[in-house]
Amino acid sequence: MHAKGNPCSCCSFDDYKCTAEWLLNKTRHRPKIAVICGSGLGLLADSVSNKQTFRYEDIPNFPVSTVPGHEGCLVFGDLKEKSCVFMQSRFHLYEGYSLCKVTFPVRIFKLLGVETIIVTNASGGLCKDIKAGDIMIIKDHINLPGFAGQHPLCGPNDERFGIRFPCMSDAYNKDLRKLALDISQQLGYSDFVREGVYCMVSGPNFETIAEARMLHILGSDSVGMSTIPEVTVAKHCDLRVLGLSLITNKVSLDYSREEKVNHEEVLEMCKMRAEMFQNLVNTIIAKCDQVDGINSN
Ligand SMILES: O=P(O)(O)O[C@H]1O[C@H](CO)[C@@H](O)[C@H]1O
Ligand code: HPA
């Protein structure tokens, strides 16, 4: 359990501070935008210039990545004249990490001075009109592990980061969502970009057909095993959030269908749609200072 006066037994405020100070001493970059790269999406960091890369295992207090398709590097650099930091791989609950560790980098970004976070993932499509290869701008989410008490903000609240009862009805910034939709249209991507509701399951198994049907009935358009803890912690500490999901597979809702999803298929679809996804993210970064209150450095 959490010790008194120490909001979490695995990550204290001093741990966050120590990691942030270590990074600030090692890099001259002062990013305002952070990007978390989902499974197979680490290439999003490829376009940055003046790159400085840290391996997770070299960063004090940082967890390490254990999932194929996750490189395990923190990449600082400039993209479209914006100072950015990219997490080339995230952490998942199913890897055995506490949600405090899973979301550790988000609070580091806050302490580095980041104001906007773009959270990306690979997910399975649940609704009829969503196809493998589509991009879903996350409009809202269903935090299933959170319903069961697996929540990154459980335990004493640390007021230095945010309030006890944060509002989540506007977790995904409306202006950033509109910008992402407008850019999709300008790039000619409208046919395969749409908004939707993402649902998190803990994983690591993919869903049964009965589970997938249930998630669909509950209002989920896609399902994955990540993102919501990071978004929740980001919203708690007042970061602006944009969530983008690459639909890598259709989730089977029908007992007569033979196809079976696997992680290789997920990574393969990321490779196929990489250029388009990267183009969208880069253009959003280039134009995000058009959104009110977003710093243009
Ligand atoms: O959510 P990201 O990290 O993109 O990865 C998704 O892809 C993996 C399954 O193939 C799971 O980890 C799922 O959450
Ligand atoms: O179908 C899926 N289910 C859960 N997580 C996923 N990540 C990619 N595809 C999926």
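A residue is taken as near a molecule if its C-beta atom, placed from the backbone, lies within 6 Å of it. In this predicted model, 13 residues surround ligand 2 on that criterion, and Ala-122, Gly-124, Gly-224, Val-251 and Val-266 come nearest. Two or more residues of this shell are given by each of strands E5, E8 (222–224) and E9 (240–250), with E5 giving the most, namely 3 residues.

Around ligand 1 there are 14 residues, the closest being Gly-38, Ser-39, Asn-121, Met-225 and Ser-226. Here the elements that give two or more residues are strand E5 (116–125) and helix H8 (263–287). The make-up of the two shells by class is as follows.

| Shell | Nonpolar | Polar | Charged |
|---|---|---|---|
| Ligand 1 | 4 residues | 9 residues | 1 residue |
| Ligand 2 | 7 residues | 5 residues | 1 residue |

An unreviewed UniProt entry places the feature "binding site" at Glu-207 and Asn-249. These positions span 43 residues in sequence, yet their C-alpha atoms are no more than 12.2 Å apart, so they gather at one spot.

Glu-207 lies in the loop between strand E7 (193–200) and helix H6 (209–217), and it counts as buried because it has 20 C-beta neighbours inside 10 Å, where the cut-off for burial is 20 or more. Beyond residues up to four places away in sequence, Glu-207 touches Val-201, Ala-212, Leu-215, Val-223 and Val-251. Asn-249, by comparison, is found in strand E9 and is likewise buried, with 22 C-beta neighbours inside 10 Å. Leaving aside neighbours within four places in sequence, Asn-249 is in contact with Gly-124, Ala-132, Val-261, Glu-265, Val-266 and Met-269.

Note on methods. Residues numbered from 1 in each chain as written. Chains lettered and ligands numbered in written order. Predicted model: local features only at pLDDT ≥ 70, side-chain atom pairs only at ≥ 80, totals over all residues. Helix = DSSP H or I, 4+ residues; strand = E, 2+ residues; numbered from the N terminus. Nonpolar A, V, L, I, M, F, W, Y, C, P; charged D, E, K, R; others polar. UniProt positions renumbered as here; feature names shortened; annotations may be inferred. Buried ≥ 20, exposed ≤ 12 C-beta atoms within 10 Å, placed from the backbone. Contact = placed C-beta atoms within 7 Å.
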